[in-house]
Amino acid sequence: MVDSMQKAISSAETQPEGKETPYKDIQAEVNVTGMCSTADCRFCVKEFSPIFHEAPPGPFLAKTEPSIRAFVQGGGTKLVITGGEPTEAPQKLLGTIRIIN
């Protein structure tokens with residue numbers, strides 16, 4: 001999974017000569033979920049996190065796809081998939097990786 005993501009990001013590094021790369025040195029983050037199975041994680045504190053309703057995978061991917069594609073096509077090579085724990089939302093995580101690929 002990680003290899004295919006790195007391959008997709010690496011291929012975005014080689015832009016045709018003269019093509020504008022506005023995202024070349026920018027790191028973007030895709031927060032796929034706020035769910036987390038670890039109550040005492042050192043990266044977040046669940047009791048201080050806002051409560052919100054998450055979009056199902058289909059609408060989430062439909063909303064994020066244009067931004068991810070624009071980032072990669074604009075020369076972006078540093079895309080971090082994050083969240084509470086991304087593996088808690090496997091359809092969103094895998095769908096995001098497919099978009100990158």
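Start with the whole chain in cartoon view: three helices and two strands make up its secondary structure. This is a predicted model, so keep the confidence colouring at hand if your viewer offers it. Follow the chain along its sequence and you will pass through the pattern α-β-α-β-α.

Before zooming in, switch on a surface for a moment. The accessible surface comes to about 7,000 Å², and carbon and sulfur atoms hold 54% of that. Of the 101 residues in the chain, 30% are buried. Among contacts with a separation of 6 or more, 83% link residues 24 or more positions apart.

**Stop 1: the two strands**

Select β1 and β2. The two strands run parallel and are joined by five bridges. For one of these pairings, pick Ala28: its bridge partner in β2 is Leu79.

Now show the side chains of β1. Ala28 and Val30 point to one face and are buried. Gln27, Glu29 and Asn31 point to the other face and are not buried.

**Stop 2: the nonpolar core**

Stay with Val30 and bring up the largest nonpolar core, which has 14 residues. Which of its members touch the most others? They are Val30, Ile68, Leu79 and Ile81. Colour the contributing elements next: β1 (27–31), α2 (57–73), β2 (78–82) and α3 (90–100) each give two or more residues to this core. The most come from α2, which gives five.

To see the surroundings of Val30, select its contacts beyond four places in sequence: Phe60, Ile68, Leu79, Val80, Ile81, Thr82 and Thr96.

**Stop 3: Lys92 and its partners**

Move to Lys92, in helix α3. Is this lysine buried or exposed? With a relative accessible area of 5%, against a cut-off of under 20%, Lys92 is buried. Leaving aside neighbours within four places in sequence, Lys92 is in contact with Val32, Glu54, Ala55, Pro56, Pro57, Phe60 and Leu61.

Two of these contacts deserve a distance label. A polar atom of the Lys92 side chain lies 2.8 Å from the backbone oxygen of Ala55. The Lys92 side chain also meets that of Glu54 in a salt bridge, at 3.1 Å from N to O. Glu54 sits in the loop between β1 and α2 while Lys92 is in helix α3, so this pair ties together parts that are 38 residues apart in sequence. Glu54 itself is partly exposed, at 29% relative accessible area.

**Stop 4: the other salt bridge**

The count of salt bridges comes to two. For the other one, select Glu65 and Arg69, whose side chains meet at 2.8 Å, N to O. Both residues belong to helix α2 and lie four residues apart, about one turn of the helix. Glu65 is partly exposed at 29% relative accessibility, and Arg69 is partly exposed at 36%.

**Stop 5: two glycines**

Return to the loop between β1 and α2 and pick Gly34. Beyond four places in sequence, Gly34 touches Phe52, Glu54 and Gly84. A C-alpha to C-alpha label between Gly34 and Glu54 should read 7.8 Å, for residues 20 apart along the chain. Gly34 is partly exposed, with 39% relative accessibility.

Finish at Gly58, in helix α2. Gly58 has a relative accessible area of 47% and is partly exposed. Label its C-alpha distance to Gly95: the two are 8.9 Å apart in space and 37 residues apart in sequence.

Definitions and conventions. Residues numbered from 1 in each chain as written. Predicted model: local features only at pLDDT ≥ 70, side-chain atom pairs only at ≥ 80, totals over all residues. Heavy atoms only, no water. Core = buried A, V, L, I, M, F, W, Y, C linked by side-chain atoms within 4.5 Å. Buried < 20%, exposed > 50% of the residue type's maximum accessible area, 1.4 Å probe, protein only. Contact = heavy atoms within 4.5 Å. Areas by Shrake-Rupley, 256 points an atom, 1.4 Å probe, with all protein chains shown as cover. Pairing = 2+ DSSP bridges. Polar contact = N/O pair within 3.5 Å; in protein donor to acceptor, adjacent residues only side chain to side chain. Salt bridge = Lys/Arg side-chain N within 4 Å of Asp/Glu carboxyl O.
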